Amino acid sequence: MRDFIEITDFQDPELDVFARLTEAQLLNRFEPKKGMFIAESPKVIQRALAAGCKPSKLLVERSHCNQEAMEAIEACGIQRVYILRFNEHLASLSPCDFVKEILVDGLHARWVTVGENFRFGDKRAGDIKLLEQLGKEFHFEVHPMPMLFHTHAPISSSRIRHALAEGDIPTANYMLGRPYMISGRVLHGKQLGRTLGFPTINQRILPPHSKAKPAIEGVYAVKAHGIGPRPIEGVACVGRRPTVDDHGEYLLETHLFNFHGDLYDQDVKVEFFSKIRDEKKFGSLEELRAAIADDQLKAKQILGLRI
C-alpha cells in the first residue's frame, strides 16, 4: 500500500486545490483510506474532506484544531489525527531534514502533492524542484497542483475574507467550495426574540471579552444543521443588537422557520447563503419587529420557500 500525503498552507492561493480532487481520481492510484494531509490550518481539512477523500491519517502543523474541523474529520471516517506542533525545531529544519524527518522517516511518504508555489523548510528555502529531487532520492513521487482561479485572480484566504466582509456571500461560498458556516452551542438568552414574535437560537461566535470582530456582520438567509434529519431554513443576524444593548457582545441570532423546540446547550451549524442587510439600530421595538418580519420574507424568497 502507498501513503498519499497532501501538503498545503491555508494562507497560500492553492488552499482549495485538494478539495477539487475527486475520490475517484485518488483511488485510481492509491489504496482507500491510506492518505495523509500536512496542513498549516485546520480549515484546509474541510476543503479536503469536501472532495470525498477518506484518509485514515491526518497531520496538522498547528495544534489548535477547532471543533468544526474535528467534526468534519470524524464524519469523513478518519481514524487517527496526528498533530505536528510548529515549534523552534520544526521551524529550523532544512528542506532536506524536513523531508527526511517528517515525510520519509515519520510518514513513509510514497506520493506527495503540493501547490505549484509551495515552499518549505527553514527560511522557505525549499521549492518544488528541490522536493522533486529529494523525492527521487527517497523514492516518493511529487505531483504539483496548479492554483485555482476565480474570475481574474487566484483563490486565496484574503479574497475569501474580503468577499465575506463585503457581504458577497455567493462569491465567498464559491471560493470556499461550500457555504460559509458558523457553529456553536446554543446559549440561554433574554428571550427578546420570543417577545417580538420571532424566537431565536443564540450562539457566541467569539471568545468572551474578545476585541476581535467576526468575519461577517448583518442579516442573512441561512440554513441550520444538527437539529433534525434535514437542514432548517431561517434568517440570522450577526451583530451586537444595538437596538436593545449598547455594549453587547457579538452574537449569532437565528430565527428558524417552522420550528418550535428547545435547543439550549445543543451544537448547531449555521450556513450562510445571502446577505439581506446591515445591522442597524432602530428607534423602537416596533420598528425592529417590522424589520425582522421583512427580513423573514426576503430570506424565504432567497431560499426558495413558499411565502
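**Entry 1: helix 8**

I began with helix 8 (residues 169–176) of this predicted model. I asked which residues of helix 8 are buried. I found Ile169, Ala172, Asn173, Met175 and Leu176 in that state. I then looked down the axis of helix 8, where the buried residues fall within an arc of 165 degrees, so they line one face of the helix. Just after helix 8 I noted Gly177, whose phi is positive at about 85 degrees.

**Entry 2: helix 6**

I turned next to helix 6 (residues 128–138). I recorded Ile128, Leu131, Leu134, Gly135 and Phe138 as buried in helix 6. Why do they belong to the same side of helix 6? I read the reason from the arc around the axis: these residues cover only 120 degrees of it, so they sit on the same side of the helix. On the other side of helix 6, I found Lys129, Gln133 and Lys136 exposed.

I also wished to know what covers the buried residues of helix 6. I listed helix 5, strand 5 (111–115) and strand 6 (141–145) among the covering elements.

**Entry 3: helix 5 against helix 6**

Since helix 5 is included in that cover, I examined the pair. Helix 5 spans residues 95–106, and its axis comes within 11 Å of the axis of helix 6. I noted that the two axes cross at roughly 50 degrees. An angle under 35 degrees would count as roughly parallel, and one from 65 to 115 as roughly perpendicular. Helix 5 and helix 6 are therefore oblique to each other. Is their crossing left-handed or right-handed? I entered the crossing of helix 5 and helix 6 as right-handed.

I then wrote down the residues that meet. From helix 5 they are Pro95, Cys96, Val99, Lys100, Leu103 and Val104. From helix 6 they are Leu130, Leu131, Leu134 and Phe138. I sorted the residues of this contact into nine nonpolar, no polar and one charged. Leu131, Leu134 and Phe138 I had already entered as buried in helix 6.

**Entry 4: the loop between strand 5 and helix 6**

I looked up two residues in this loop. Phe118 lies in the loop between strand 5 and helix 6. At 7% relative accessibility, I counted Phe118 as buried. I compared its place with that of Met145: the two are 27 residues apart in sequence, and their C-alpha atoms are 9.6 Å apart in space.

Arg124 also has its place in the loop between strand 5 and helix 6. I noted a phi near 55 degrees for Arg124, which is a positive value in a residue other than glycine. With 44% relative accessibility, Arg124 counts as partly exposed.

**Entry 5: Thr151**

I found a further positive phi, of about 55 degrees, at Thr151, although Thr151 is not a glycine. Where is Thr151 found? I placed Thr151 in the loop between strand 7 (149–150) and strand 8 (153–154). Thr151 is exposed, with a relative accessible area of 62%.

**Entry 6: Asp295**

I closed with Asp295, which lies in helix 10 (residues 285–302). Is Asp295 buried or exposed? With a relative accessible area of 4%, I entered Asp295 as buried. The cut-off for buried is under 20%. I then looked up its contacts, leaving aside neighbours within four places in sequence. I found Asp295 in contact with Val219, Val235, Ile276 and Arg277.

How values were computed
Residues numbered from 1 in each chain as written. Predicted model: local features only at pLDDT ≥ 70, side-chain atom pairs only at ≥ 80, totals over all residues. Heavy atoms only, no water. Axes fitted to C-alpha atoms, helices over the stretch in contact; angles between N-to-C directions. Helix = DSSP H or I, 4+ residues; strand = E, 2+ residues; numbered from the N terminus. Parallel < 35°, antiparallel > 145°, perpendicular 65-115°, else oblique. Left-handed = near helix turned anticlockwise from the far one by under 90°. Contact = heavy atoms within 4.5 Å. Nonpolar A, V, L, I, M, F, W, Y, C, P; charged D, E, K, R; others polar. Buried < 20%, exposed > 50% of the residue type's maximum accessible area, 1.4 Å probe, protein only. Arc of directions from axis to C-beta.
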